[in-house]
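Dear colleague,

I am passing on a structure that I have been going through, and I would be glad if you looked it over before reading my notes underneath.

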Amino acid sequence: MSTLESPPVVCLMGPTASGKSAACLAIAARWPIEIINVDSATIYRGMDIGTAKPSPAEQAQVPQHLLDILDPADSYSAGQFRVDTLALIDEIRARGRIPLLAGGTMMYFKTLRDGLDDLPQGDPAVRAAIDARAAEHGWPSVHAELALVDPPTAARLSPNDSQRIQRALEIYTIAGQPMSALIGVKAKPTEHRYVNLCLEPSERSGLHKRIAQRFDAMLAAGLIDEVRALYRRGDLHEDMASIRCVGYRQAWAYIEGRIDLKTMREQGLAATRQLGKRQVTWLRALDERVTIDCLASDAQAQIVDAFARAQQI
């Protein structure tokens with residue numbers, strides 16, 4: 001069966017705290033699904049509480065992919081997510097099971113469907129060489145190196161934005177051309193059909209209440225200790241993608257003594273609300289989507305019904 005003859009790939013999307021994990025389990029109770037997590041935070045090992053990662057019990061109920069695949073010191077791109085996910089869709093279908101893409105990292109969804117600038121894949125040896133220069137001379141020095149070969153990219157990056165500086169220099173080293181010259185050259189879009197099931201709040205205050213309840217639950221569950229363990233490693237810093245995750249950046253500042261606990265909570269809540277706002281804005285700009293009110297008492301039942309209809313398309 002060709003990709004266009006296969007049932008569509010269902011994408012379960014929603015802002016933070018909209019109930020995506022519970023909806024996935026409700027679907028898993030009726031269909032032989034495997035979940036592909038579309039989340040730029042749950043990919044990291046040792047970051048469980050602050051990312052609301054599915055618990056071991058939840059993971060035991062249904063196979064999950066793209067969880068705990070990286071150390072927090074490592075980087076992961078939307079392009080790599082696309083490569084990994086397209087392979088996983090085929091593998092899951094080959095097992096006679098149904099792939100379900102679920103998460104809130106909207107750039108990953110967009111990249112999967114539309115393709116991405118046709119940039120070269122990463123090379124561990126090139127990255128290691130860049131990291132060695134940064135360890136010896138500092139990232140501002142490496143940033144200056146980037147400015148010599150790719151001025152437009154260097155101009156929009158902070159001298160301490162290690163992840164993006166590394167990637168830009170890696171691209172130049174591999175391709176022999178600056179990243180700024182390659183942006184806009186699109187990879188071929190995927191041929192899969194997609195159905196977007198979107199959990200969206202009917203009113204903002206209800207989502208904000210959920211966000212506050214969940215953030216406080218994370219604090220009670222040991223979020224500060226989780227971040228402190230990362231801090232004590234000594235090889236991580238707040239410019240890394242992992243530590244920039246909502247909640248982790250604020251807890252990092254608290255551990256360093258730059259803010260007190262009350263301020264950390266306030267800033268963490270504000271950042272999470274802003275994340276949710278951006279996610280909802282992105283969802284509402286989609287051309288085609290099935291919308292379910294995440295605050296409705298029967299939201300999970302509606303998701304199950306929408307998933308059933310998608311399997312018949």
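How many salt bridges does the structure hold? The structure is a predicted model, and within this model there are 19 salt bridges. As background, side chains of opposite charge can pair when their charged atoms come close.

I will begin with Glu 34 and Arg 97, whose side chains meet in a salt bridge with an N to O distance of 3.1 Å. Because Glu 34 belongs to strand β2 while Arg 97 sits in the loop between α3 (78-94) and β4, this pair ties together parts of the chain that are 63 residues apart in sequence. Glu 34 has a relative accessible area of 4% and is therefore buried, whereas Arg 97, at 28%, counts as partly exposed.

A second pair is formed by the side chains of Glu 170 and Arg 127, which meet in a salt bridge at 2.9 Å, again from N to O. Here the two partners lie in helices, Glu 170 in α8 (residues 162-175) and Arg 127 in α5 (residues 124-137), so the bridge ties together parts that are 43 residues apart in sequence. Glu 170 is buried, at 0% relative accessibility, while Arg 127 is partly exposed, with a relative accessible area of 24%.

The third pair I would point out is Glu 200 with Arg 284, for which the closest N and O atoms of the salt bridge are 3.6 Å apart. This pair links distant parts of the chain, since Glu 200 is in strand β5 and Arg 284 is in helix α13 (residues 261-284), 84 residues apart. Glu 200 counts as buried, its relative accessibility being 4%. Returning to Glu 34 and Arg 97, these two residues are joined with Arg 95 into one network by salt bridges that share partners.

Turning to helix α14 (residues 299-311), its 13 residues should span 18 Å at 1.5 Å a residue, and the 19 Å between its end C-alpha atoms agrees with this. Its buried residues are Ala 299, Ile 303, Val 304, Ala 306, Phe 307, Ala 308 and Ala 310, and what covers them includes β1, α1, β2, β4, β5 and β6.

Finally, Thr 16 is found in the loop between β1 (9-13) and α1 (20-28), and it is buried, with a relative accessible area of 10%. Leaving aside neighbours within four places in sequence, the residues in contact with Thr 16 are Leu 207, Ile 211, Arg 214, Thr 272, Leu 275, Gly 276 and Gln 279.

With kind regards

Methods:
Residues are numbered from 1 along each chain as its sequence is written. This is a predicted model: local features need pLDDT of at least 70, side-chain atom pairs count only at pLDDT 80 or more; totals for chains, interfaces and linings use all residues. Side-chain values use heavy atoms; hydrogens and water are left out. Helices (H or I, at least four residues) and strands (E, at least two) are DSSP runs, numbered from the N terminus. Buried means under 20% relative accessible area, exposed over 50%, partly exposed in between (1.4 Å probe, protein chains only). Contact means heavy atoms within 4.5 Å. The expected span of a helix is 1.5 Å times one less than its number of residues. A salt bridge is a side-chain nitrogen of Lys or Arg within 4 Å of a carboxyl oxygen of Asp or Glu.
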